[in-house]
Amino acid sequence: MVRVKHILLVAIIFYSFLSCKNETSTETKAQVPSVFNADESGKEVADVLKEKELSVSALKKKLVREGYEVFDYVDPKTKDTILMQQYFMAFLKEGPIRNQNEEEAVLLQEEHLAHLSKMYDLGYADISGPLDGDSAIKGVTIYNVPTLKIADSLAHTDPMVKEGRLIIELHPWWAAKGFRLR
């Protein structure tokens with residue numbers, strides 16, 4: 001059973017990396033997902049992940065209008081304008097309630113992975129993954145939302161957090177728009 005859980009975790013992480021569509025260059029254009037679209041009933045629109053090509057200036061204005069903290073600077077080497085955005089890094093730490101039986105723990109893990117997948121699909125989280133080893137920190141999620149309050153609210157809807165198996169520690173984190181993991 002533990003082996004199946006590990007394989008599932010690896011598959012989710014692999015899928016997250018493959019699904020990443022950020023631009024690799026620092027030219028004056030960047031890709032940004034439109035993550036806050038909703039129809040009149042409040043349901044998420046199917047094209048939430050549709051990306052729009054914007055200039056750095058237009059992207060900066062859009063992000064500021066949506067409530068994001070941003071700043072830009074000119075890279076002295078490339079002369080490109082680099083747009084920095086504040087994200088929120090959630091450390092998923094071992095919680096106080098870890099006495100679930102194996103069946104309950106497996107179900108919670110499935111719900112947890114479904115939650116993280118939903119956060120990614122909706123554009124609220126850019127990447128998630130577990131940490132290896134016996135650390136009290138069990139995983140990390142990077143939320144791409146305008147405020148700490150929103151990130152905290154989303155992180156606390158995780159079934160593992162609701163059940164006390166995990167707790168959340170959130171920190172603001174800055175990263176350049178359009179750059180990707182390598």
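His-112 is buried, with a relative accessibility of 8%. This residue sits in helix α3 of a predicted model. The chain has 182 residues, of which 38% count as buried, and its secondary structure consists of 5 helices and 7 strands.

**His-112 and its surroundings**

- The side chain of His-112 makes a polar contact of 2.7 Å with the side chain of Asp-158.
- Beyond residues up to four places away in sequence, His-112 touches Leu-92, Asp-158, Pro-159, Met-160 and Leu-166.
- Asp-158 therefore appears both as the polar partner of His-112 and in the list of residues that His-112 touches, where His-112 itself is buried at 8% relative accessibility.

**Overall layout**

- Along the sequence, the elements follow the order α-β-β-α-β-β-α-β-β-α-α-β.
- Of the contacts between residues at least 6 apart in sequence, 67% join residues at least 24 apart.
- The accessible surface of the chain is about 11,200 Å², and carbon and sulfur atoms account for 55% of that area.

**Nonpolar cores**

- The largest nonpolar core contains 18 residues, and Tyr-143, Val-145 and Ile-168 have the most contacts inside it.
- At least two residues of this core come from each of β4 (81–94), α3 (102–121), α4 (148–155), α5 (159–162) and β7 (166–176).
- Another core, of 6 residues, lies apart from the largest one; among its members are Val-56, Leu-59, Tyr-68 and Leu-83.

**Helix α2**

- In helix α2 (residues 56–65), the buried residues are Val-56, Leu-59, Lys-62 and Leu-63.
- These four lie on the same side of α2 because they cover an arc of only 125° around the axis.
- Lys-61 and Arg-65 are exposed and sit on the face of α2 turned away from its buried side.
- Just after α2, Gly-67 has a positive phi of about 95°.

**Leu-63**

- Leu-63 belongs to helix α2 and is buried, at a relative accessible area of 2%.
- Outside its neighbours within four places in sequence, Leu-63 is in contact with Tyr-68, Val-70, Leu-83, Gln-85 and Lys-177.
- Two of these contacts, Tyr-68 and Leu-83, are also among the members of the core of 6 residues.
- Leu-63 and Pro-146 are 83 residues apart in sequence, and the distance between their C-alpha atoms is 8.3 Å.

**Helix α4**

- The buried residues of α4 are Ala-151, Leu-154 and Ala-155.
- Their arc around the axis is only 95°, so they fall on the same side of α4.
- The elements that the buried residues of α4 pack against are β4, α3, β6, α5 and β7.
- Of these partners, β4, α3, α5 and β7 also each supply at least two residues of the core of 18 residues, as does α4 itself.

**The β5–β6 hairpin**

- Strands β5 (residues 125–130) and β6 (residues 137–143) pair in the antiparallel sense over 5 bridges.
- Ala-125 has Tyr-143 in β6 as its bridge partner.
- Tyr-143 is also one of the residues with the most contacts inside the largest nonpolar core.
- The hairpin formed by β5 and β6 has 6 residues between the strands, and Gly-133 in the turn takes a positive phi of about 100°.

Key
Residues numbered from 1 in each chain as written. Predicted model: local features only at pLDDT ≥ 70, side-chain atom pairs only at ≥ 80, totals over all residues. Heavy atoms only, no water. Buried < 20%, exposed > 50% of the residue type's maximum accessible area, 1.4 Å probe, protein only. Arc of directions from axis to C-beta. Pairing = 2+ DSSP bridges. Contact = heavy atoms within 4.5 Å. Areas by Shrake-Rupley, 256 points an atom, 1.4 Å probe, with all protein chains shown as cover. Core = buried A, V, L, I, M, F, W, Y, C linked by side-chain atoms within 4.5 Å. Polar contact = N/O pair within 3.5 Å; in protein donor to acceptor, adjacent residues only side chain to side chain.
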